[in-house]
Amino acid sequence: MPRFSVIVPAYRVQAYLHESLDSVLTQSFEDFELIAVDDCSPDACGAVIDEFAARDPRVRAVHLPENVGLGRARNAGIAQAAGDYLIFLDSDDTLAPGALRAVADRIGATGEPDVLVYDYARTYWTGESVRNTFAEQLDETGPATFTLTGRPGLLKVLMVVWNKAYRRAFVEAEGFAFPPGYYEDTPWTYPVLMAARSIAVLDRVCVGYRQRRRGNILATTSRKHFDVFEQYDRVFAFIDARPELAPWRPVIHRRMLDHFCTLFTARGRLPRDSRAEFFRRARAHCARYRTPGAPVPRRARLRHGLIRLGAHRTYRALWTAQSLLGRVRKAGGAVRRVLRAAALQAYYRVQLRLPVQADRAVFAAYWHGGYACNPAAIEAKARELVPGLRTAWICRPQDAHTVPTATHRIAPGTYGYWRALARSGYLVNNVNFDRRLVKRPGQVLLQTHHGTPLKTMGLDLQDRPAAARGMDFGQLLTNVDKWDFSLSANRHSTLVWEKVYPSASTSCATLEYGYPRNDIYQRATAGDVARLRASLGIPEGAPALLYAPTHRDYRRDRQPLLDLARLLRVLGPGWVILSRAHYSYGAVPVHEPHPRIIDVGGHPCVEALALASDALLTDYSSLMFDYANLDRPVVIHWGDREAYEAARGTYFDLRACPPGAIAHSEDELLDIFATGHWCGARSARLRAAFRERFCPYDDGHAAERVVRRVFLSDTAVRPPAIPPAGRQPVPAAGRPAQVPGALPAPATATVPADRQASAGLGLAGSRPADRP
């Protein structure tokens, strides 16, 4: 008996059916049967189902002799099901990678509940994915299982059948089945949730709910929308047959009226000549099933009252007026935004006529993100070394908590923002400031950049449209002409920056001083590392591998590039993996849940993650250049090198000077870890040569050199750089000596006296680095 019976009814979805069925069959959890029901579809759905059944024994094809509709097609699938749990999937939707594994684990952890409710995300043809807005109702804290009475907020989650797993024995014992007609989910989901003796939730997106351009069948104009009345008749009949469910009657009554209101006002659903009839029937249902008791939200009271009165024309008039008012407000908001923008620019022009304040410096990073990267390290050192300097940081309000209390916070697009840009003597950023910035005599603009370039940048993207994505190269050069200083980490970066960001100004100077953000690697202590590891949940002494792949310009999907669970099996039971997707993907995990995989995609500081780890696994990310300063193993996974080179391009062949072992496939990568080549003597030699070439100035004093040159006008390079061989970065904390092929236990190192405590390192406030 399989654990799951996944039921997929299909009708006129031939363009999406392959993807839907593949999303089930490629799940890592394999104990399931897939029942694909061809609802006498006139297109190729039946042939597609037969094709899948012929090549995979887990697929059972069911062909109906006539079209019976979605609900009865699901019933046909239930009749064939043998699994412990039923899962329904619409044939244009998809299961997320790892969904069945997550569902199985949660069912096991919660004691086989009658119903498990999980989350979904709306996926659009543009590639955008938006999570359910009521995801907070799926919070897993509190009792493992409950009844609907214990969590009535679940009714706010979309009342559909496909975001739940149902214990088949419970469904059979209760005799649940889908009725014919539109809105067949309604008389299924409400009774199921009310009758379930145990409900559990899974706070994870398991289904991609496809939003087609023309919408689904419920968005078509038809009298079949009148089926909604019979569906609610069935719901109330279920309640009336069970006296213990009587308290739910007023709740369902209120939700029924909300449903009627939505249908009545939805454009293009009801035929124009049927609206009055629909309203009359809605009034009749309101009177028939009305049960006082459920509080009605204030904004819904008028709508419900008009339905009770049968005031069809008044409802239409008020709805039309409300729609017009909304448009007027929207237009008014646009006008207000235009006026405010004009006022801000007028204010900026006034500020440009006032004196530049040489004792003011304004900093920013990553398009107004939090306190991070090279600007953050320079800001902290400037406050320490420059007497009387007053600093400010530009960031979004949600990131203001990352900024030190000694630093003034400025929200972008405010009067304070434009005043700071107009009058601050020093402007520091790792990307460009607003294109409307007027660089004034007396102002000094420092461009710090945010990584050593392996992938092509700047003007070199002119013939790479997939990577450039509409970049305005003319504006890029206008911004470059405002720079006074361009910071470089090494000679390679210097040559690239001067080529791809050529300044028309002869006064723009390159500062080949190293990256201030990497100072932390030489100044952190073993105690700092221990505290970071504990905050991430890494077991004491456990070796941790930081996995940090970069963005692919040629891909929009979020499919995992590597099977991390398979990698863990090779590494051994003592290991954990810190998985960090590129920041452009947000904080949503791209891998399957695993007890030894810690998702750190939302962690604000990549430097902290590097310090907490024992080795790095990456691909084209410039994190490898920074990580080399720690003198810990680095492994490169280049499974798609040809595609990446074609779309983005690189400045040199990393194989000629790698920071460690390079794998060209997943199998090769696993072999590198299994044999210990990732941390052997050859790996150490490659890392040393890489560090000599790309990390000549990252000695813990880069920020000081920058501050002395830019803020104190000290043209002597002070302090002089310490060669890599003379540095002593903080050692790794993991002790995987007992694991075959793993790192030897780190030796105890003498900690230099000038290393700062973690409280002074600025770890907690940093934002994920956008590596070039």
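Strands β15 (residues 485–488) and β16 (residues 509–512) pair in the parallel sense, and 4 bridges hold the pairing. In this register Phe485 stands opposite Ala509 in β16. I should state at once that we are looking at a predicted model.

β15 has a further partner, strand β14 (residues 444–447), which runs parallel to β15 and is joined to it by 2 bridges. Here Leu446 is the residue that stands opposite Phe485. As a general point, strands of a sheet pair through backbone hydrogen bonds, either parallel or antiparallel.

Where do the side chains of β15 point? Phe485 and Leu487 point one way, Ser486 and Ser488 point the other way, and all of these residues are buried. The connection from β15 to β16 involves helix α16 (residues 491–500), and the three elements make a right-handed β-α-β unit.

I turn now to another sheet. This one is open and consists of 6 strands in the order β19-β18-β17-β20-β21-β22, with parallel pairing. β19 (597–599) and β22 (662–663) stand at the edges and have a single partner strand each, so one side of each is left without a neighbour in the sheet. Within this sheet, strand β17 (residues 544–548) and strand β20 (residues 615–618) are paired in the parallel sense over 4 bridges, and Ala548 in β17 stands opposite Thr618 in β20.

Which strands does helix α19 lie across? Helix α19 (residues 564–571) lies across β17, β18 (576–579), β19 and β20, and runs at about 150° to β18.

The same helix, α19, also packs with helix α23 (residues 666–675): the two axes come within 9 Å and cross at roughly 25°. Angles under 35 degrees count as roughly parallel, and α19 is therefore roughly parallel to α23. The crossing of α19 past α23 is right-handed. On the α19 side, the residues in contact are Arg566, Leu567, Val570 and Leu571; they meet Glu666, Asp667, Leu670, Phe673 and Ala674 in α23.

Finally, I come to helix α3 (residues 70–80). Which of its residues are buried? They are Gly71, Ala73, Arg74, Ala76, Gly77 and Ile78. An α-helix has 3.6 residues a turn, so residues three or four places apart point the same way. The buried residues of α3 pack against three strands and a helix, namely β1 (4–10), β2 (32–38), β4 (85–88) and α6 (186–195).

Definitions and conventions: Residues numbered from 1 in each chain as written. Predicted model: local features only at pLDDT ≥ 70, side-chain atom pairs only at ≥ 80, totals over all residues. Heavy atoms only, no water. Buried < 20%, exposed > 50% of the residue type's maximum accessible area, 1.4 Å probe, protein only. Pairing = 2+ DSSP bridges. Right-handed = clockwise from strand over helix to strand, strands pointing away. Contact = heavy atoms within 4.5 Å. Axes fitted to C-alpha atoms, helices over the stretch in contact; angles between N-to-C directions. Parallel < 35°, antiparallel > 145°, perpendicular 65-115°, else oblique. Left-handed = near helix turned anticlockwise from the far one by under 90°.
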